[in-house]
Structures are given as C-alpha cells and as structure tokens.
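Hi everyone, thanks for coming. I'd like to walk you through a structure that is probably new to you, so please have a look at it first.

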Amino acid sequence: MACITNVKTRLDDGAAIVLSAMLEATRSEETKVKEEYSVPLSMDTIFEGVMKSEAGRSMTLERVRSSLIQLGCAPGVRGAAESYSVDLKNIIELVQNDEVESIVLKRYGKEAYRIFRLLSESYHLLETDKISDTTFVEKKDTAKILYQLWKDEYLQMEWVSKKFQGTETCCSTNIQLGAIKIYVFKWSTASVVMKLNLHAGRQTQFQLWKVTKDTLWGHVLNEMYHSALNLSLRVAYELEQEQEIIQLPREKRVGALGSRFERLRKVRILLESSLMKLDDAIMVYNDF
C-alpha cells in the first residue's frame, strides 16, 4: 500500500493503478518477501488486471503502456509474448527515502529537510560550508541543524585534519552547543575577519557529514516500533478509562455520557488510523 501511495504521489493515478494490478497478479507467485523485481507478466495479463478495478476501466492499452514506461518497466520476452516486471527495489528505496525525509521535515523544519535531502542524495562526505552554500542556510544555523541531526542519529560525522603549508589563513566560526563546540572553517588566502596564521606542518580538525542509509534505516525502524507501541498503549488506556461508557446501551448514551462516548470514538479512530499508517511504514523498512 505504501508503494502504491508513493507512486500515485510521485507519478500519477495511472501508474499507481498499473502497479497495483501487477502486484495483485503476482502475489501468488512470490517466493520470498525481499524480491528485487516482480514476476514478469504479459501485457494481456497486466491489462486484464487493470480492467478489474473501477478506476482502471477508463484506461486504454496505450495508457497502460505509458504507465509501464513511467514505472521503469523495460519490456522483455517470456515465451512468445512481451512481458514486463517492476523494479521493486528502486520503488522501495524511493518510499524509504520519502518516509525519512517526511519525518525530518515534520520534526526539524524546512531548513533541516533541505540539508538532510542534500546529504541523502550525495554519495560522499560534505563539509559544513558546502552544505550551507548549497542549501542557502546560514552557516551558524547549518552547524546547529547538523549537530541536532547527528545527535538524534540521522547523520554521521567524521573528523578530518587539514595540514597547512606556509602561511595559509583560515576563517573560523565556533558555535557552543551544550558541552560541545562546533567549528566551521573556511580556507582562504584573502583577508578575513578572523585569521589564524598557521605555520607549515600545523594541522587542525573539522567535521564532514554524511547519511549512511543502512544504519539510518535501522534507527528509523526502531523509532517506528517505539511509536507503534506507544499508540497501542494509548488505545488500550483510552478504552480502559471509558469501559463504563462502552458497556452502556446506546439509548443511555445521552448528554454528558454521549459526549464522552463521541470523544472516545474520535480518539480511537485517530489513534488506530495512525497505527495502520505506521504499520505500512514499518513493513517498508522491515520486509525490504
């Protein structure tokens, strides 16, 4: 479900309908959970599956072909017929990325989201100045955000040393965060506000940042398990607190008692729907 919802948002309704039909058609042929590609299906089988849904009945054969191209399904040959399979691994990775980015956006804000997305899409370590310049976030704010994401285990930090030659100059800004001081360095041969004249052989350390997805996915999955447990406990608590109202006959739930029952009903719907969405997200990380 999470994959289909992601494809619908990222591509369009047609691509989501075709993906749903393909996954439904191959469900009985799946031999393991962590498949990288779906079982190949003929165009006739895919089109037949699309026609089974009310939303898919308006789609033409050419529209289905276009959706397959959107999904990155390259045609192959199975027997005498043209066949298609879905790159499930790629779709799952996109869903996982979007889920974590959504968490970062909601928890830390838009600037942290831009910083995290940059690091998530980068294949190498980046230093603070580069991150600041690319995301258009002030350097001091960038350092604070990086530290917070690192502290909460969303980023990894590595210390590196820079060795100076001659009288190379360095602009340094430091930010005190609790017991930790973060230094933001900018190397230059021009005049700067704060200069450190360093002689040959002198070294200093500064931080580089990156996202290590395998490690991060495990951390996010652990957070999700804790959230799911908290939601389950909250549902149980609400039901226990209102046992008296639940057991009352409907005709006696009037006035204040009726209001209490209605509040419980709304709270339960909200909590259980949140738990269902969380279960979908957990499945994306746990099963793939």
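**A short tour of the model**

Let me begin with a single residue: Tyr147 has a relative accessibility of 13%, so it counts as buried. Keep in mind throughout that this is a predicted model. Tyr147 and Trp150 sit 3 residues apart in helix α8, so about one helical turn separates them. Trp150, for its part, is partly exposed, at 30% relative accessible area.

Now let's step back to the whole chain. It has 11 helices and 8 strands. Of its 288 residues, 34% are buried. The accessible surface is about 17400 Å², and carbon and sulfur atoms account for 53% of that. If you take the contacts between residues at least 6 apart in sequence, 66% of them join residues at least 24 apart.

Next, my favourite helix, α5. How many residues does α5 have, and how far does it reach from its first C-alpha to its last? The helix has 21 residues and reaches 30 Å, close to the 30 Å expected at 1.5 Å a residue. Several of its residues are buried, among them Leu88, Ile91, Ile92 and Val95. The list of buried residues in α5 also includes Gln96, Asn97 and Glu101. And what covers the buried residues of α5? The cover includes α1, α2, α6, α8, α9 and α11. Just after α5 comes Gly109, which has a positive phi, near 100°.

Let's stay with α5 and look at rings. The structure holds 2 aromatic pairs. One of them is Tyr108 with Tyr154, an edge-to-face pair with 5.9 Å from centre to centre and 70° between the planes. Tyr108 lies in helix α5 and Tyr154 in the loop between α8 and β5, so this pair ties together parts that are 46 residues apart in sequence. Tyr154 is buried, with a relative accessible area of just 1%. As for Tyr147 and Trp150, their ring centres are 5.7 Å apart and their planes are at 45°, so that pair is tilted.

On to charges. The count of salt bridges comes to 13. One of them joins the side chains of Arg117 and Glu101, at 3.1 Å from N to O. Arg117 is in helix α6 and Glu101 in helix α5, 16 residues apart, so the pair links distant parts of the chain. Are these two partners buried or exposed? Glu101 is buried, with a relative accessible area of 6%, while Arg117 is partly exposed at 33%.

Another salt bridge brings together Glu242 and Arg263, at 3.9 Å from N to O. Glu242 is in the loop between α9 and α10, and Arg263 is in helix α11, 21 residues apart. Here Glu242 is buried, at 9% relative accessible area, and Arg263 is partly exposed, at 37%. Both belong to a network of salt bridges that links Arg234, Glu238, Glu242, Arg260 and Arg263.

Helix α11 has a salt bridge within itself as well. Glu272 pairs with Arg268, their closest N and O atoms being 3.1 Å apart. The two are 4 residues apart in the helix, so about one helical turn lies between them. Glu272 is partly exposed at 32%, and so is Arg268 at 39%.

One last stop: Arg253 lies over the face of Phe261, at 4.0 Å from the ring centre. Thanks for listening!

Definitions and conventions: Residues are numbered from 1 along each chain as its sequence is written. This is a predicted model: local features need pLDDT of at least 70, side-chain atom pairs count only at pLDDT 80 or more; totals for chains, interfaces and linings use all residues. Side-chain values use heavy atoms; hydrogens and water are left out. Buried means under 20% relative accessible area, exposed over 50%, partly exposed in between (1.4 Å probe, protein chains only). Contact means heavy atoms within 4.5 Å. Accessible areas come from the Shrake-Rupley method with a 1.4 Å probe; for residues, only the protein chains shown count as cover. A salt bridge is a side-chain nitrogen of Lys or Arg within 4 Å of a carboxyl oxygen of Asp or Glu. The expected span of a helix is 1.5 Å times one less than its number of residues. Rings of Phe, Tyr and Trp (its six-membered ring) pair if their centres lie within 6.5 Å; planes under 30 degrees apart count as stacked, over 60 as edge-to-face and the rest as tilted. A charge sits over a ring if NZ of Lys or CZ of Arg is within 6 Å of the ring centre and within 35 degrees of the ring normal.
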